[in-house]
Amino acid sequence: MPTRRTFAAGFCLSALAAPRLARAAEPLTLWGPPAAPALILATAVQEGLLKDLAPAASFKTWRTPDEMRAGLAAGTMDAVVVPTYAAANLHNRGLGIRLATVLTDGLLYLVAPAGTVSGPQDLKGKKVSVSLRNEMPDFIFRRVLAAANVSPSDLTIDYAGSPAEVGQLLMSGKLDAALMSEPAATAVILRAQMAGKALERAIDTRKAWASITGRGAIPQAGPAGPGGLTRRFGEGAPAALQAALVRALEAIRRDPGAAARAAAGTMELPAPVIEQSIPHSSLVVRPASEARDDLVALFEVLAQSDPRIIGGKLPEARFYAL
């Protein structure tokens, strides 16, 4: 297994809001991946749900894990959503990272031409695109293959290409399938429809994961950190942010179109595409303590391949901040 990438984050949440919050000198920027969990952050900012914490708060997406790591190392990113296994890895390395909340219960799909793939066995001998080598999509995909007694050597895995490039390769037949997160999966399927091609979500990794672990959720990503938010904005800040995220998810469910428009600019996708991806994104705002059983199941399965993925051991109870 290749050397693990490392992640860090800038905030840790708690459960109840405090009446008064200290003000920090610099505006708060929420950073999220170019994937569906970022929609919750964008909505929190767009709806003014952070006005009592940080009136000038903004939202940005990081484009690659390397960009995110560089920002964290330089101290230019305070509040960042990270893969949950990465938070566990950093915690076990003694960096004081605690996971606060889970923002999605699984948003990975194997997209393929309609009728060509019904399960992992059908991928033997085929060329499959997977985003982010040695990151969450790659780990999940390999465990799904292993559970079906399919070896990565039974197929060709291609890690190159942007979602747009992957979609074009799928439509041209140069790729047989692609593992994609939302909203990228929705974007590719809709683009294919416009070109008269039929692509589908051939494998829902949540369903495959349930057959592996007996649990129907893959708690993939959420905000985690060593408590920097409290240091900047006061003791009530974590609770205020948690409450804002809960209200943001409520707003998304109430008016998904408005939420999609709030995120369209930073996610660089048309709002209708983002809106159509929401039902497939399994968005949640679950305190880590409530999601602990699902998280442990995820960490245990990933550690079967290489314990270093989670830092060598399951994190102890204090890792689950809320």
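This note goes through strands, voids, aromatic contacts and one loop residue in a predicted model.

1. Strand E1. E1 covers residues 29–32. Thr29 and Trp31 point one way from the strand, while Leu30 and Gly32 point the other way. All of these residues are buried.

2. E1 with E2. Strand E2 spans residues 58–61 and pairs with E1 in the parallel sense. The pairing has 4 bridges. Across it, leucine 30 stands opposite phenylalanine 59. Between the two strands the chain passes through helix H1, residues 38–46. That β-α-β crossover is right-handed.

3. E1 with E3. Strand E3, residues 79–83, also pairs with E1. The sense is parallel, over 2 bridges. Leucine 30 is again the residue to look at: in E3 it stands opposite alanine 79. So which residue of E2 does leucine 30 stand opposite? That one is phenylalanine 59.

4. Strand E9. Is E9 mostly covered or mostly open? Mostly covered: 5 of its 5 residues are buried. Ala177, Leu179 and Ser181 point one way. Ala178 and Met180 point the other way.

5. Partners of E9. Strand E6, residues 108–113, pairs with E9 in the antiparallel sense over 4 bridges. In that pairing tyrosine 109 stands opposite methionine 180. E7 runs parallel to E9, joined to it by 3 bridges. Here valine 128 stands opposite alanine 177. Take the two contacts with the strand's facing pattern: alanine 177 is on the side of Leu179 and Ser181, and methionine 180 on the side of Ala178.

6. The largest pocket. Its volume is about 1,200 Å³. The lining has 47 residues. Pro34, Ser131, Pro163, Ser181 and Ala184 lie nearest the centre. Two or more lining residues come from each of E3, strand E7 (127–130), helix H4 (136–147), helix H5 (163–172), strand E9 (177–181) and helix H6 (184–194). H6 gives the most, with 6 residues.

7. Pocket chemistry. How do the lining residues of the largest pocket divide? There are 33 nonpolar, 8 polar and 6 charged residues. Ser181, one of the residues nearest the pocket centre, is also a buried residue of E9.

8. The cavity. The structure holds 1 cavity of 30 Å³ or more. The volume of the largest cavity is about 40 Å³. Its lining consists of Leu110, Pro120, Leu123, Phe141, Val144, Leu145, Leu179, Ile203 and Thr205. H4 gives the most to this lining, with 3 residues. The division is 8 nonpolar, 1 polar and no charged. Leu179 links this point to E9: it lines the cavity and is buried in the strand. H4 and E9 also each give two or more residues to the lining of the largest pocket.

9. Tyrosine 85 and phenylalanine 139. The structure holds 3 aromatic pairs. In this one the ring centres are 5.3 Å apart and the planes stand at 80°, so the pair is edge-to-face; planes over 60 degrees apart count as such. Tyrosine 85 sits in helix H3 (residues 84–92) and phenylalanine 139 in H4, so the contact ties together parts 54 residues apart in sequence. Both residues are buried.

10. Phenylalanine 319 and tyrosine 320. Why does this pair count as edge-to-face? The planes are at 80°, with ring centres 5.0 Å apart, so the pair is edge-to-face. Phenylalanine 319 and tyrosine 320 are buried. With Phe299 they form one aromatic cluster.

11. Lysine 197. Where does lysine 197 lie? Its place is the loop between H6 and strand E10 (199–204). The relative accessible area is 42%, so lysine 197 is partly exposed; the class runs between under 20% for buried and over 50% for exposed. Its C-alpha atom is separated from that of serine 172 by 9.5 Å. Along the chain these two residues are 25 residues apart.

Technical notes. Residues numbered from 1 in each chain as written. Predicted model: local features only at pLDDT ≥ 70, side-chain atom pairs only at ≥ 80, totals over all residues. Heavy atoms only, no water. Buried < 20%, exposed > 50% of the residue type's maximum accessible area, 1.4 Å probe, protein only. Pairing = 2+ DSSP bridges. Right-handed = clockwise from strand over helix to strand, strands pointing away. 1 Å grid on protein atoms, 1.4 Å probe; cavity = no way out; pocket = protein on both sides within 12 Å on 5 of 7 lines; lining within 4 Å. Points joined across faces, edges and corners; volume = space filled by probe spheres on them. Nonpolar A, V, L, I, M, F, W, Y, C, P; charged D, E, K, R; others polar. Phe/Tyr/Trp six-rings, centres within 6.5 Å; stacked < 30°, edge-to-face > 60°.
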